[in-house]
Amino acid sequence: MTIKVGDKIPSAKLTQATAEGPREVSTEELFGGRTVVLFGVPGAFTPTCSAKHLPGYVTNAKALRDKGVDTIACMAVNDAFVMGAWGRDQGVGEDVVMIADGSGAFTKALGLELDLTARGLGMRCQRFALVAKDGVVSHVAVEAPGAFEVSKAEALLEIV
């Protein structure tokens with residue numbers, strides 16, 4: 001079942017890419033006591049994710065923060081080393097926290113898995129964006145296959 005407005009973010013352990021290397025972070029730590037925008041992508045370094053999705057959040061980070069967002073996090077079913085390298089490549093700096101869901105367990109708990117086995121990518125995350133306030137979802141938008149409209153940063157500026 002896909003996560004929906006009013007649901008609590010599931011408890012999980014993720015890995016955050018940091019300048020010092022991978023760091024385990026719990027969803028309670030990431031979402032507790034703050035307003036968080038979490039957006040998920042099918043994969044780091046993939047065309048739409050690199051050309052449009054992640055850059056849109058970097059560009060709009062200040063505007064989102066001005067509207068009360070404490071943390072902007074990008075998540076993919078990749079390892080923390082890949083997410084860290086992608087963040088450096090995209091120049092995210094402190095604007096976007098790069099989160100790895102290496103096993104896809106959190107993605108599955110959200111009900112947002114995407115089977116890209118036929119394309120050689122295995123199980124991945126659907127393209128989505130959600131807003132959570134103190135760990136409770138206040139907005140969730142999941143893209144239709146191949147689409148890129150409802151999960152972009154500009155769309156969330158209207159929501160938060």
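A disulfide is a pair of cysteine sulfur atoms within 2.5 Å. This structure holds 0 of them. The model is predicted: local features need pLDDT of at least 70, side-chain atom pairs count only at pLDDT 80 or more, and totals for chains, interfaces and linings use all residues. Residues are numbered from 1 along each chain as its sequence is written, and side-chain values use heavy atoms, with hydrogens and water left out.

Why does Cys-49 form no bond with Cys-74? The closest cysteine sulfur to that of Cys-49 is in Cys-74, and at 7.7 Å it is too far for a bond. Cys-125 also has Cys-74 as the closest cysteine, sulfur to sulfur, but the 9.2 Å between them is too far for a bond. Burial is the next point. Buried means under 20% relative accessible area, exposed means over 50%, and partly exposed lies in between (1.4 Å probe, protein chains only). Cys-49 is buried at 0%. Cys-125 is buried, with 0% relative accessibility.

Next comes helix α2, residues 47-59. Helices (H or I, at least four residues) and strands (E, at least two) are DSSP runs, numbered from the N terminus. Ser-50 lies in α2. Its relative accessible area is 17%, so Ser-50 counts as buried. Contact means heavy atoms within 4.5 Å. Leaving aside residues up to four places away in sequence, Ser-50 touches Phe-45, Pro-55, Trp-86 and Gln-90.

Trp-86 leads to helix α4, residues 80-90. Its buried residues are Ala-80, Met-83, Gly-84, Trp-86 and Gly-87. Seen down the axis of α4, they fall within an arc of 165°, so they line one face of the helix. That arc is taken from the directions from the helix axis to the C-beta atoms. An α-helix has 3.6 residues a turn, so residues three or four places apart point the same way. The cover over the buried residues of α4 includes β1 (13-18), β2 (21-26), α2, β4 (71-76) and β5 (97-100). On the other side of α4, Phe-81, Arg-88 and Asp-89 are exposed.

Now the ends of α4. At the start, a side-chain oxygen of Asp-79 reaches to within 2.9 Å of the backbone nitrogen of Phe-81. After the helix comes Gly-91, with a positive phi near 65°.

Last, a loop. Asp-134 sits between β8 (128-133) and β9 (136-142). Asp-134 and Phe-31 are 103 residues apart in sequence, yet 5.8 Å apart in space, C-alpha to C-alpha. Not counting residues up to four places away in sequence, Asp-134 touches Phe-31, Gly-32, Gly-33 and Arg-34. The side chain of Asp-134 reaches the backbone nitrogen of Gly-33 at 2.6 Å.

Key. A polar contact is a pair of N or O atoms within 3.5 Å; within protein, one must be able to donate a hydrogen and the other to accept it, and residues adjacent in sequence count only if both atoms are side-chain atoms.
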